[in-house]
Amino acid sequence: MLAQKSHDFFQQRYGYAPLLVRAPGRVNLIGEHTDYNNGFVLPAAINKEIVYAVGLNGLSKARLFSLDKGEAHELQLAGEPMQPGNVLWANYLAGVVAQLQRRGVAVPGFDCVFGGNIPMGAGMSSSAALECGLAFALNELLHLNLSGLELARISQLAEHEFAGVQCGIMDQFASLFGQPGQVVRLDCRSLDYQYFPFDSTAYHLVLCNSGVKHSLASSEYNTRRQECERGVAVLNQYYPQVLSLRDATLEQLAQHQQELGDVVYRRCRYVVQENQRVIEACQHLAAGDMVAFGQQMYASHAGLRDDYQVSCAELDVLVQIAQANPAVLGSRMMGGGFGGCTINLLPAAAVPEFIASTAAAYEQHVGRPLETYQTTIVGGVSVVHPAPTII
C-alpha cells in the first residue's frame, strides 16, 4: 500500500512520524480545450494517486525523496528566493514553496517522501497531484487555513513558473475538489462549480493509451489558443460583449464566417459547441441517462477530430473500435491531443471483454500493444492514516 510504504520509508529515513496526504490524478469526461476559452469542463478525481509523507524538521532546508525515482534532493529555504533547478520533479515542489513564500509564508524546513501510481504521460495530471499534495500538506502542518481554491491557484502558478507549463486550473481543481461518485462541472470564467452524480459502481471509465507521445501538443496548443483569440477579436468588433468564446453563439459565428476564415471559424465553432455539450451532458447525468451522456462524448471526439483538428490516427482508431463495441456508451480522446489516451464509458460488467477485444483490435490495426487503465471516481486530496508500524 502506497501510504504504508511512504510512511515507513519516512520513519526509517528521518526517525519521526510524518503527516500522510494522498493526492489523486484526474480524468476529464467532456469539455476539452474549453478551459482557456473561459468555458466549462467536467473532471473527476480518480483512484490513481501520489501519497506524501511530510514533517517539519527544524532545519532551514527541505529534504525531498522520490520513491519512484529513488532520488533525493534538497531545497535551501533561507536566503535567496526559490528558483527552478535542473531536477524536473523537484521543480514542481519548489514551485509550491515559492508561491507560499510570495504570500508571506515563512516556510520552515521540512522532510518529504512521496510515491505514486499515476501513469506518466497518460493525461491523468500527475503534475497537478504532485503540486496539490505538497500544498495541502504544508497548509495542514503550518495551519495556514488556505482554502481549496487558494491551494489550486498556488499549485497552478507553481506549474506555470517552475515547470514552464501554462496550464489552466482544471487539473489542480479536480485533484483538490473531487468527491466520491461525483463529477464536478467547473466554470473556468467564474470558478463556480457544481457536482453531478456518477454511479462508479455500475459504470467504469477505462483509459486506452495510444502509445503516441504528444510531440505536437505544445506548439499546436499555442496555435489553437491564438486562433481562438483571433476569432474573439473579429466577433468583438460587432458584439462588444463577446470577450471570450464563452460569450459567443453559433449564430454570431455563422454571420461572420467569411471574415473569420475557414480554420478560425471551425476552431471557434468547436469551442462553442463543446461548451453546450458539457451543459447537456450534465443534464443527462442528473437524469441518470448514461446512454445520452455517452453520445455527447462521441460528438466531442468528432469535433476535436474534424473542427479543432487535435486528434491523430491512433486515437481515431481507438474511438472507432469503441464505437463498434455495443457495450461502450461513449468514447473520445482526452487531453491536449496528438496522442495520449481515449476515455471510454461502459458498464462495469463489460470492462474485461472491452479491454481484451480492444487490445487485440488495436494491435491488429496499429501493430502496437495497448496499455489500459481502469479508473473509479474518488474524493480529492486528503489526509490518510496508516496502519501502526509493527517493529
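This section describes the largest pocket, the aromatic pairs and two buried residues of a predicted model.

The largest pocket has a volume of about 1400 Å³. Its lining comprises 47 residues, of which Ser125, Ser127, Glu159, Val165 and Asp171 are the closest to the pocket centre. Two or more lining residues are given by each of strand 1 (19–28), helix 2 (88–102), strand 6 (110–116), helix 3 (126–141), helix 5 (170–177) and helix 6 (217–238). The most is given by helix 6, with five residues. By residue class, the lining of the largest pocket divides into 20 nonpolar, 19 polar and eight charged residues.

Aromatic contacts were examined next. A pair of aromatic rings is described by the distance of the centres and the angle of the planes. Twelve aromatic pairs are present in the structure. One of them is formed by Phe10 and Tyr16, with a centre-to-centre distance of 5.0 Å and an angle of 80° between the planes, an edge-to-face arrangement. Phe10 is buried, at 0% relative accessibility, whereas Tyr16 is partly exposed, at 22%.

For Phe177 and Tyr193, the ring centres are 5.1 Å apart and the planes meet at 65°; this pair is therefore edge-to-face. Phe177 belongs to helix 5 and Tyr193 to strand 8 (residues 193–197), so that the pair, 16 residues apart, links distant parts of the chain. Phe177 has a relative accessible area of 14% and is buried, while Tyr193, at 41%, is partly exposed. Both residues belong to a cluster in which ring pairs link Phe173, Phe177, Tyr193 and Tyr195. Helix 5, which holds Phe177, is also among the elements that give two or more residues to the lining of the largest pocket.

Two further residues were considered individually. Ser331 lies in strand 10 (residues 330–334) and has a relative accessibility of 0%, which means that the residue counts as buried. The side chain of Ser331 forms a polar contact of 2.7 Å with the side chain of Asn344. Beyond neighbours within four places in sequence, the contacts of Ser331 are Met297, Tyr298, His301, Val319, Ala322, Thr342, Ile343 and Asn344.

Arg277 is located in helix 9 (residues 262–287). Although charged by residue class, Arg277 counts as buried because its relative accessibility is 10%, under the 20% limit. When residues up to four places away in sequence are not counted, Arg277 touches Ile30, Tyr270, Gln296, Ala299, Ser300 and Gly303.

Methods:
Residues are numbered from 1 along each chain as its sequence is written. This is a predicted model: local features need pLDDT of at least 70, side-chain atom pairs count only at pLDDT 80 or more; totals for chains, interfaces and linings use all residues. Side-chain values use heavy atoms; hydrogens and water are left out. Helices (H or I, at least four residues) and strands (E, at least two) are DSSP runs, numbered from the N terminus. Buried means under 20% relative accessible area, exposed over 50%, partly exposed in between (1.4 Å probe, protein chains only). Contact means heavy atoms within 4.5 Å. On a 1 Å grid over the protein atoms alone, a cavity is a set of points where a 1.4 Å probe fits but cannot get out, and a pocket is an open set with protein on both sides within 12 Å along at least five of seven lines; lining residues have an atom within 4 Å of a point. Grid points are joined across faces, edges and corners, and a volume is the space filled by probe spheres set on the points. A polar contact is a pair of N or O atoms within 3.5 Å; within protein, one must be able to donate a hydrogen and the other to accept it, and residues adjacent in sequence count only if both atoms are side-chain atoms. Rings of Phe, Tyr and Trp (its six-membered ring) pair if their centres lie within 6.5 Å; planes under 30 degrees apart count as stacked, over 60 as edge-to-face and the rest as tilted.
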